[in-house]
Each structure stands twice: as structure tokens, then as C-alpha cells.
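Visitor: I'd like to learn how to read a fold like this one. Can you walk me through it?

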Amino acid sequence: MSGEVNHSVIVSGLEELARAHRILDLEGHNDMSLGHLSWRDPLGRGLWLKRGNIGLEEVTASDFILLSFDGDVLDGEGIRHLEWPIHAEILQSRSDVNVAAHTHPFHSTVLSATDAEIGPFSNEGVWFEDGVRHFKLTSDLVNTPVLGRELAHALGGASAVLLKNHGATFVGASIKEATLAGVFLERAARVQLALAGSGIPHHHSGADEIRQKKQTIYPPRAVDNF
């Protein structure tokens with residue numbers, strides 16, 4: 001019975017993770033067959049990662065491979081994404097994170113080429129009350145454990161980090177939270193670029209109001225609903 005329960009939990013989780021890929025496709029994160037989300041294996045064996053060579057919009061529950069934190073393929077079939085260390089190193093460094101993602105959303109990628117900090121200029125930006133960090137060590141693939149650890153360090157305790165001239169990485173305690181982080185990151189980046197291009201002076205609220213606003217707008221029931 002225990003084995004059946006564990007299998008059911010994993011199947012259900014992978015179905016939700018596949019849906020998250022497809023949602024992010026609709027929210028501007030698709031880039032050919034690039035981009036991937038991972039989910040910490042509930043049995044402690046490592047992480048489930050989308051296989052390579054398929055777009056976000058194509059992902060189903062059968063399109064994941066189980067990796068150890070050293071990158072060994074333990075289960076599933078398909079190509080392992082070169083940037084698997086992003087996921088392995090973040091999940092090892094952040095016990096509060098169960099889902100990590102790396103994609104190339106257009107507006108977030110534009111801002112990754114700047115020193116601008118994504119601010120809480122809209123409700124979406126409020127999700128990132130601790131700010132969105134920048135990873136500037138390289139604009140190339142984060143395809144080694146060393147680079148993965150550097151990216152995890154740049155992310156720190158935040159929910160998102162921009163990779164220089166490359167894209168974005170975002171995380172969450174759950175699949176739902178990570179999905180919303182990706183959706184809100186790209187929407188906040190779009191708002192900020194629109195403001196910058198308008199030439200109109202703009203500002204956001206102070207830290208105390210932003211903290212309260214996040215609690216008001218994004219309680220657990222709202223996360224489930226969204």
C-alpha cells in the first residue's frame with residue numbers, strides 16, 4: 001500500500017508540474033525547446049526535471065526524468081537539460097524551496113541586460129517584496145555545479161533572480177507558488193519597462209505597505225485560486 005501511495009503522490013505532482021509548464025508557456029516564458037522546471041522528489045532521491053527537446057507547451061506528466069543531485073539519471077527517459085545544475089544546487093541550498101524554474105521570458109530577459117531592480121510598481125511586483133536579484137558572473141549556460149552554486153548564492157533567500165543577458169530563475173515552496181512567481185515576474189518586468197519607456201515620473205510604495213499589501217493580496221486561499 002505504501003508503494004502505491006508514493007506512486008500516486010509522484011504521478012499527481014508530475015501532472016501538476018506539467019500543467020505549470022503549459023501555463024508558463026501561455027504567460028510568455030516559451031523559447032523553442034528551452035526552459036524547464038524541477039520538483040524536489042518527495043522520496044528524497046533528488047529532483048524531477050523536464051526532459052530536453054520539447055517546448056513548455058508540449059509537457060505532460062510522462063516528460064520528466066528523475067535526477068540525483070549529482071546529475072545521474074535515476075528514472076525516466078529523455079535528454080537531460082544541460083542546465084540541470086541550476087536546479088540541483090538551488091534545491092540543495094534552499095530547504096524551503098521545492099520547485100525551481102529557469103526560463104527566458106522576453107521582458108525579464110530585457111531587464112537582465114541592465115542593472116535595474118524589478119520594483120513593486122504593480123500588484124505583481126509586490127510578490128517580490130525581498131527584491132529580484134541579479135546574477136552577473138556569466139551570460140552563458142549555467143551548466144556546472146560550480147556555476148549552479150554561484151547562481152544559488154546570487155538568488156539567496158529571494159524568489160527570483162535575473163541571469164545576465166540570459167533569462168530568469170524563480171522558485172517556490174510549491175508548484176503553485178513557483179508558477180505564480182514566474183507569471184508575476186514577467187508581468188512586473190513588462191510594467192516596469194512600460195513605465196521606463198513612458199518618460200512619466202513613477203514610484204512605488206514603501207516597504208511596510210508593500211509587506212502588508214502582499215499579505216492582503218496573496219494569502220494561501222488567493223494562491224490556490226490564482
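**Pocket first, then the sheet**

Guide: Let's start with the largest pocket: 21 residues line it, and W127, S159, V171, E177 and K214 lie nearest its centre. Keep in mind that this is a predicted model.

Visitor: What volume does the largest pocket have? And which elements each supply at least two residues of its lining?

Guide: The volume comes to about 330 Å³. Strand 8, helix 7 (207-217) and helix 8 (220-225) each give at least two residues to the lining.

Visitor: On to the sheet. In what order do the strands run?

Guide: The general idea is that strands of a sheet pair through backbone hydrogen bonds, either parallel or antiparallel. Here eight strands make an open sheet, ordered 4-3-2-1-5-8-7-6, with mixed pairing. Strand 4 (73-75) and strand 6 (133-135) are at the edges with a single partner strand each, so one side of each has no neighbour in the sheet. From one strand to the next, the twist averages 25 degrees.

Visitor: How many bridges join strand 2 to strand 3?

Guide: Four, between residues 47-50 of strand 2 and residues 64-67 of strand 3, and the two run antiparallel. Look for L49 opposite I65, and for K50 with F64 as its bridge partner.

Visitor: And which way does strand 3 run relative to strand 4?

Guide: Antiparallel, with two bridges joining them. L67 of strand 3 sits opposite V73 in strand 4. Their hairpin has five residues between the strands, and G71 takes a positive phi near 90 degrees there.

Visitor: How do I read the faces of a strand?

Guide: In a regular strand the side chains alternate between the two faces of the sheet. Try strand 3: F64 and L66 are on one side, I65 and L67 on the other, and all are buried, so both faces are covered; the cut-off for buried is under 20% relative accessible area.

Visitor: Which strands does helix 5 lie across?

Guide: Helix 5 (residues 145-155) crosses strand 6, strand 7 (160-163) and strand 8 (167-172), at about 160 degrees to strand 6. Helix 6 (residues 175-198) also packs on the sheet, where it touches strand 1 (36-40), strand 5 (99-103), strand 7 and strand 8, and its direction makes about 145 degrees with that of strand 8.

Visitor: What span should helix 6 have?

Guide: With 24 residues at 1.5 Å a residue, helix 6 should span 34 Å; the end C-alpha atoms are 35 Å apart, which agrees. Just after helix 6, G199 has a positive phi of about 80 degrees.

Conventions
Residues numbered from 1 in each chain as written. Predicted model: local features only at pLDDT ≥ 70, side-chain atom pairs only at ≥ 80, totals over all residues. Heavy atoms only, no water. Pairing = 2+ DSSP bridges. Axes fitted to C-alpha atoms, helices over the stretch in contact; angles between N-to-C directions. Contact = heavy atoms within 4.5 Å. Expected span 1.5 Å × (residues − 1). Buried < 20%, exposed > 50% of the residue type's maximum accessible area, 1.4 Å probe, protein only. 1 Å grid on protein atoms, 1.4 Å probe; cavity = no way out; pocket = protein on both sides within 12 Å on 5 of 7 lines; lining within 4 Å. Points joined across faces, edges and corners; volume = space filled by probe spheres on them.
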